[in-house]
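Biologist: Please take a close look at a single part of this structure, the open sheet, and describe how its strands are arranged and what lies across them.

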Amino acid sequence: MTISLSDTGKRFNREWIFRHFSYQFIQGHSYAITGANGSGKSTLLQVLSGSMHFNEGKCDWSSGGKSIDPEKVFQQVSICAPYLEVVEEMTVTEFLDFHQSFKSFLPGVTTASAIELVGLKAAADKQIRYYSSGMKQRVKLAQCIFSDTSLVLLDEPCTNLDLTGIDLYNSLIEQYGRNRLVIVCSNDKTEYGFCEEIINIMDYK
Ligand SMILES: Nc1ncnc2c1ncn2[C@@H]1O[C@H](COP(=O)(O)OP(=O)(O)OP(=O)(O)O)[C@@H](O)[C@H]1O
């Protein structure tokens with residue numbers, strides 16, 4: 001997947017969040033979007049995911065030189081973000097099985113192996129509502145990283161994670177992020193240290 005933005009701008013009411021944003025995000029590379037609180041990182045990520053309209057310029061998604069219908073971009077997107085919820089009434093096993101009825105996991109990854117990889121095996125049959133905030137974040141990361149998509153969008157991915165969780169995140173990205181397009185929104189280097197390109201949203205005001 002390649003995402004090409006040309007003079008793209010997004011505003012809420014009269015306030016421009018970013019403007020004149022021209023950039024190309026290319027599969028096989030990793031990018032960090034940085035900037036102060038409220039500067040528009042999450043907004044840009046949602047535009048890149050195809051789930052939010054923009055107000056000027058262009059945003060094109062393509063794969064293998066062929067344009068992707070904006071209505072179908074979601075099929076290629078995995079996202080982990082603080083504003084996305086998990087189904088708390090389910091166990092992690094039920095939740096990841098349910099998720100795979102919409103989006104399958106990467107070849108070779110099963111619900112059981114995903115749960116084990118994120119260190120939740122002992123809590124696999126517990127309802128997610130009884131999980132700690134760090135355990136819930138591990139569920140969100142599993143759902144995002146193990147989905148078989150070309151675009152991985154991570155908004156503050158280490159929220160609530162302990163040091164072991166941060167190490168786990170980095171090793172999952174190392175192992176499963178290769179050959180995909182990975183974009184991280186963060187101001188914390190422990191979350192985006194692996195990224196090859198750093199974009200400061202403040203440069204597009
Ligand atoms: N749906 C919305 N309607 C109106 N304004 C919005 C909406 N969503 C976001 N905003 C505004 O857009 C601006 C950018 O918000 P955004 O969440 O993208 O920032 P951010 O850089 O991700 O912030 P943070 O670092 O705090 O997560 C903020 O001023 C916010 O209030």
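Modeller: In this predicted model, the open sheet is formed by five strands in the order E6-E7-E8-E3-E9, and their pairing is parallel. Strand E6, residues 77–80, and strand E9, residues 197–200, are the edge strands, as each of them pairs on one side only. From one strand to the next, the twist averages 15°.

Within the sheet, one pairing may be followed in detail. Strand E3 covers residues 30–34 and strand E8 covers residues 181–185; four bridges connect them in the parallel sense. At one place in this pairing, Ile33 has Cys185 of E8 as its bridge partner.

Two helices may now be added to the picture. Helix H1, residues 41–48, lies across E3, E8 and strand E7, the last of which spans residues 151–155. The direction of H1 is at about 155° to that of E8. Helix H4, residues 133–145, lies across E6 and E7, and H4 runs at about 165° to E6. Strand E7 is thus crossed by H1 and also by H4.

For contrast, the pairing of strand E1 with its partners may be considered. Strand E1, residues 2–12, runs antiparallel to strand E2, residues 15–26, and eight bridges join the two. Arg11 has Trp16 in E2 as its bridge partner. The hairpin of E1 and E2 has two residues between the strands, and Asn13 takes a positive phi near 55° there. Strand E1 is also joined by six bridges to strand E4, residues 56–63, again in an antiparallel manner. In that pairing, Thr2 stands opposite Ser62 of E4.

Methods: Residues are numbered from 1 along each chain as its sequence is written. This is a predicted model: local features need pLDDT of at least 70, side-chain atom pairs count only at pLDDT 80 or more; totals for chains, interfaces and linings use all residues. Two strands pair if DSSP finds at least two bridges between them. Axes are lines fitted to C-alpha atoms, for helices over the stretch in contact, and angles run from 0 to 180 degrees between N-to-C directions. Two residues are in contact if their C-beta atoms, placed from the backbone, lie within 7 Å.
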